Amino acid sequence: MSVLDELVAGAVEDAAAREKVTPLEELKEAVVAAPAPIDAMAWLRKADGIPVIAEIKRASPSKGHLSDIPDPAALAREYERGGASAISVLTEGRRFLGSLDDFDKVREAVHIPVLRKDFIVTDYQVWEARAHGADLVLLIVAALDDATLKRLLDLAHDLGMTVLVETHTREEIGRARAAGARVIGINARNLKDLRVDVNKYAELAADLPDDVVKVAESGVFGAVEVEDYGRAGADAVLVGEGVATADDHELAVERLVKAGKRVKASETTPLSTHHGPYWGQFGGRYVPEALITALDELERVYSEAKADPEFTKELVTLNQRYVGRPSPLTEAPRFAERIAEKVGITPRVFLKREDLNHTGAHKINNALGQALLVKRMGKTRVIAETGAGQHGVATATVCAMLGLKCRIYMGQIDARRQALNVARMRMLGAEVVEVTLGDKILKDAINEALRDWVTNVKDTHYLLGTVAGPHPFPEMVRDFQKVIGEEAKQQLRDWYGIDHPDAVCACVGGGSNAIGVMNAFLDDERVNLYGYEAGGNGPESGKHAIRFAPGTGQLGMFQGAKSYLLETDEGQTLDTYSISAGLDYASVGPEHAWLKDIGRVNYSWATDEEAMNAFRDLSQTEGIIPAIESSHAVAGAYKAAADLKAKGYEHPVMIINISGRGDKDMATAGKWFGYLTDEQSKALEVTGAHGDTVA
Amino acid sequence: MTNTATTPSGQPLGISHKPSRTAAMFDELDKANRPAFIGYLPYGFPDPEVSLKAFKTLVDHGVNAVEIGLPYSDPVMDGPVIQAASQIALNHGESIHGVFRAVETVANAGGVPLIMSYWNLIYHYGVERFARDFENAGGAGLITPDLIPDEAGEWIEASDRHGLDRIFLVSPDSAPERLAVVSKAARGFVYAASRMGVTGERKTITDSPEALVERTRKAGASRVCVGIGVSTAEQAAKVGAYADGVIVGSALVHQLLGETGRKALDEAEGLRNLAAKADELAQGVASAR
């Protein structure tokens with residue numbers, strides 16, 4: 001006899017004994033008198049959360065005694081206060097130590113739906129459940145033949161109850177569906193180690209239509225399982241031991257409810273207006289508590305500013321009159337020919353000219369927006385990190401314009417390969433601190449900026465330059481950069497009469513220019529989106545900054561956010577390498593990580609060599625010298641064209657985001673292409689301007 | 001291999017109702033009306049073997065609970081001294097796998113072993129796996145400088161299953177609602193940063209930590225210890241008068257670090273310095289009340 005057979009036999013015997021005391025006819029009268037059942041369907045599916053069915057459970061055959069639960073009513077009230085959507089009461093007495101008396105007490109105590117959980121195989125037990133005020137009953141497919149399952153299901157439905165139909169296999173799910181189940185409980189425990197197997201759950205739940213409510217029924221213990229099941233598509237979860245044995249039952253339920261809300265909030269669409277802190281499983285605020293006050297303040301001031309027409313007006317005006325927006329969308333026919341020669345399709349190529357902004361890059365869009373917020377917050381000092389120097393220059397510029405004190409942190413290696421940008425920042429009145437700690441590159445500059453911020457947070461704003469870092473930075477920086485794509489979309493229509501592009505290409509370091517140019521197209525499935533990381537010497541070389549290719553980045557928390565990260569087996573950050581300082585970063589903005597996981601953006605990389613060839617190609621076909629960062633997008637355009645060709649496009653319309661201009665890179669390019677005499681090259685080497693002379 | 005994440009019958013481990021080790025330590029110290037002396041050193045500094053001796057030295061010289069730091073490549077809450085020590089440890093092959101030996105060393109010496117780690121190291125090792133190995137080694141609790149309770153779902157679950165303390169931080173400008181969030185999620189004690197900023201020694205300690213300790217207790221924390229900047233016996237005595245524990249880090253690390261701050265001292269000299277400094281601080285703590 002299996003455990004299940006034994007439990008069923010016992011339950012039947014006990015029910016028969018009760019029937020002797022209370023015959024069915026008497027129960028039916030009680031049902032008429034009972035208060036109407038609550039429509040539990042409405043409680044088991046929510047747009048903004050994952051409903052929790054919390055169970056009153058004293059023991060189980062497999063785990064033995066769990067908890068005494070002297071006062072089930074009090075426990076149920078704690079569950080309800082914690083935010084439970086329904087209470088499950090085990091009424092089986094032999095092995096689970098439950099009773100209908102427990103059920104009655106719970107029914108009295110709460111206003112949410114109550115589930116009678118027992119081994120129900122007879123009509124009598126169904127009537128009994130309703131007579132005691134149950135809104136939900138459990139039926140176990142494995143314990144019932146098809147005819148009985150259907151009969152009991154129909155009876156329960158006729159009595160106005162919702163039925164949670166428990167299944168373990170695809171075959172059982174099929175039988176449940178055939179019988180007319182509307183709420184299906186899926187038991188996805190991996191029988192080998194008894195852990196929740198989300199893959200098994202996803203596999204089992206795969207064919208269920210949307211109108212069936214899916215309840216993850218086993219192995220839910222804490223927030224981790226709620227998140228896993230929620231991301232796998234479960235509508236609700238049932239949890240027993242994890243809440244019944246907790247020290248603080250209310251808090252235990254509350255944590256599960258919060259985890260469910262977080263999952264739902266992290267996956268909202270449209271993509272272009274998605275809010276942080278979470279982008280799928282990515283993002284968050286992995287920072288010291290000491291920064292939370294400042295981040296909360298920033299979030300509050302930013303959302304007030306967004307709603308304030310005066311703020312928008314000032315930003316738009318300065319964008320126009322100071323930055324020089326809109327930046328043009330330039331057609332690049334001669335470069336398009338190069339693509340045609342190489343790839344064999346004939347695209348029309350348009351360049352979004354962020355290189356023509358004041359200070360020569362897209363970075364000013366964000367620096368200006370945040371600097372206006374600094375004024376609004378009443379802070380007087382700004383700190384920022386910079387890699388290539390573009391964000392540092394942009395920050396120093398807006399600080400000069402608005403009269404803010406400014407300090408820029410820059411890794412020593414970057415400072416040397418961008419010596420002229422260091423001079424520019426100093427010219428603009430900023431203090432430039434060369435960071436000699438760690439690898440002396442962008443990430444180390446960010447570490448130092450974070451330390452400064454933790455120390456001086458009262459009067460200081462950290463003007464982070466990209467869509468990375470803790471919430472609200474990824475969302476806020478996106479909002480300040482999305483003007484790039486909005487303009488491009490409009491210009492394509494107004495200037496060129498083209499409704500939409502077929503492809504958008506951008507380079508991805510932290511990812512702000514890419515998000516900026518892509519955001520307006522994220523919800524338009526007709527537009528193929530391509531992001532190019534810094535390939536350095538190639539993914540196998542170990543010298544690169546590719547986070548998304550297989551075998552490169554792993555999930556991790558870095559500088560405030562969860563994302564993909566280049567790290568060692570020990571979780572230490574790996575050294576990264578790229579010829580472009582601006583893409584030389586170990587992690588990537590959390591929105592990109594999400595867009596990768598959901599397959600919305602195609603991510604690939606361009607090596608140093610490919611980028612430098614593209615740098616030359618664009619310079620010589622169009623007379624536009626792109627930044628080496630942007631050259632990765634230009635190099636990527638060849639790859640994107642090949643992909644578009646494979647997809648059947650013959651004349652695709654492509655936008656490439658030229659995020660910055662390449663004047664700053666002439667020392668590197670001069671050396672790369674051999675345009676400098678040995679003497680000139682040596683002179684630059686002394687200052688480290690090539691970037692490869694500092695260990 | 002037995003899977004300690006399950007019961008003998010193979011079910012996932014439930015909530016451990018093992019009492020908090022640090023709570024027991026505070027209760028014991030209460031009897032003598034003394035605050036706890038909590039000392040920090042990075043594991044693996046200057047190398048794994050010497051660091052084990054250093055941890056034992058701390059316990060032998062009056063440290064009640066040892067905060068075993070896990071060196072990290074990007075320690076944003078740490079000042080120059082701990083950054084340098086961490087870098088030296090990493091250069092000498094520090095590995096998270098070895099840290100459990102340090103935990104055992106502290107436990108065997110009679111101290112309460114705590115680990116202080118930036119979150120990515122634990123996340124990467126595997127949160128449940130870390131909790132299991134830490135518990136098996138005799139660990140008491142984990143201090144998480146860059147993990148706030150709002151992001152700690154997985155750690156709360158794992159620490160509940162393994163009976164480990166969760167030590168979150170608060171800082172002088174933390175709003176009352178943040179203090180409440182931290183106090184509610186904490187187990188063992190709350191770590192109050194004495195000032196805004198990163199770790200490092202200071203000549204003077206302001207009065208702000210006393211107010212913070214009071215506010216944190218009001219927000220629901222049963223035990224509050226103060227760290228960051230405490231480096232002398234006098235400061236330890238001052239802080240110990242109102243806090244449940246005094247946490248010292250950089251001043252101890254400093255004893256093992258040469259003048260330049262780039263290289264560790266000779267082993268014997270370093271351990272001698274460390275013992276003397278621990279004695280001095282322990283006296284300060286003992287005379288606090």
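Which elements cover the buried residues of helix 3 of chain A? Hi everyone, let's start there, and keep in mind that this is a predicted model.

The cover on those buried residues includes strand 1 (52-56), strand 4 (86-90), helix 4 (100-109), helix 10 (241-244) and helix 11 (249-265) of chain A. Helix 3 itself runs over residues 72-82, and the residues it buries are A:Pro72, A:Ala73, A:Leu75, A:Ala76, A:Tyr79 and A:Gly82. If you look at that list and wonder about the spacing, here is a handy reminder. An α-helix has 3.6 residues a turn, so residues three or four places apart point the same way.

Now look at both ends of this helix. Just after helix 3, A:Gly83 takes a positive phi of about 105°. On the other side, the loop between strand 3 (64-65) and helix 3 holds A:Ile69. A:Ile69 is not a glycine, yet its phi is positive, at about 45°. Is A:Ile69 buried or exposed? With a relative accessibility of 5%, A:Ile69 counts as buried, because the cut-off is under 20%.

To put those angles in context, most residues other than glycine have a negative phi, and most peptide bonds are trans. Chain A has another non-glycine residue with a positive phi: A:Lys440, near 65°. You'll find A:Lys440 in the loop between strand 17 (431-435) and helix 19 (442-456).

Let's move along to helix 23 of chain A, residues 590-597. This helix is mostly covered, with 6 of its 8 residues buried. Those are A:Pro590, A:Glu591, A:His592, A:Ala593, A:Trp594 and A:Leu595. And what do they pack against? The partners are strand 11 (278-279), strand 12 (282-286), helix 20 (473-481), helix 22 (512-518), strand 22 (560-565) and strand 23 (601-606), again in chain A. Just past the helix, A:Gly599 has a positive phi of about 75°.

Helix 20, one of those partners, leads us to a cis peptide bond. It joins A:His471 and A:Pro472, with omega about 15°. A:Pro472 sits in the loop between strand 18 (460-462) and helix 20.

One more stop in chain A: A:Asp355, in the loop between strand 14 (348-353) and helix 15 (363-377). A:Asp355 is buried, at 5% relative accessible area. Its side chain makes a polar contact with the side chain of A:Arg353, at 3.0 Å. Setting aside residues up to four places away in sequence, A:Asp355 touches A:Gly360, A:Ile624, A:Ile658, A:Ser659, A:Gly660 and A:Arg661.

Over to chain B, which has 12 helices and 9 strands. Why can we describe the chain as agreeing with a compact globule? Because a compact globule of 289 residues would have a radius of gyration near 19 Å, and chain B has 18 Å. Its C-alpha atoms fill a box of roughly 55 × 45 × 35 Å along the principal axes. Buried residues make up 66% of the chain. Among contacts in chain B with a separation of 6 or more, 72% are between residues 24 or more positions apart.

As for the surface, chain B has about 10100 Å² accessible, and carbon and sulfur atoms account for 52% of that. The chain carries 27 positive and 35 negative side chains, with the centres of the two sets 2 Å apart.

Finally, chain B has a cis peptide bond too, from B:Phe45 to B:Pro46, with omega near -5°. B:Pro46 lies in the loop between strand 1 (36-42) and helix 2 (48-60) of chain B. Thanks for listening!

Methods
Residues are numbered from 1 along each chain as its sequence is written. Chains are lettered from A and ligands numbered from 1 in the order in which they are written. This is a predicted model: local features need pLDDT of at least 70, side-chain atom pairs count only at pLDDT 80 or more; totals for chains, interfaces and linings use all residues. Side-chain values use heavy atoms; hydrogens and water are left out. Helices (H or I, at least four residues) and strands (E, at least two) are DSSP runs, numbered from the N terminus. Buried means under 20% relative accessible area, exposed over 50%, partly exposed in between (1.4 Å probe, protein chains only). A polar contact is a pair of N or O atoms within 3.5 Å; within protein, one must be able to donate a hydrogen and the other to accept it, and residues adjacent in sequence count only if both atoms are side-chain atoms. Contact means heavy atoms within 4.5 Å. The radius of gyration is taken over C-alpha atoms; the globule rule is 2.2 Å times the number of residues to the power 0.38. Accessible areas come from the Shrake-Rupley method with a 1.4 Å probe; for residues, only the protein chains shown count as cover. Lys and Arg count as positive and Asp and Glu as negative; His and the chain ends are not counted. The place of a charge is taken as NZ of Lys, CZ of Arg, CG of Asp or CD of Glu.
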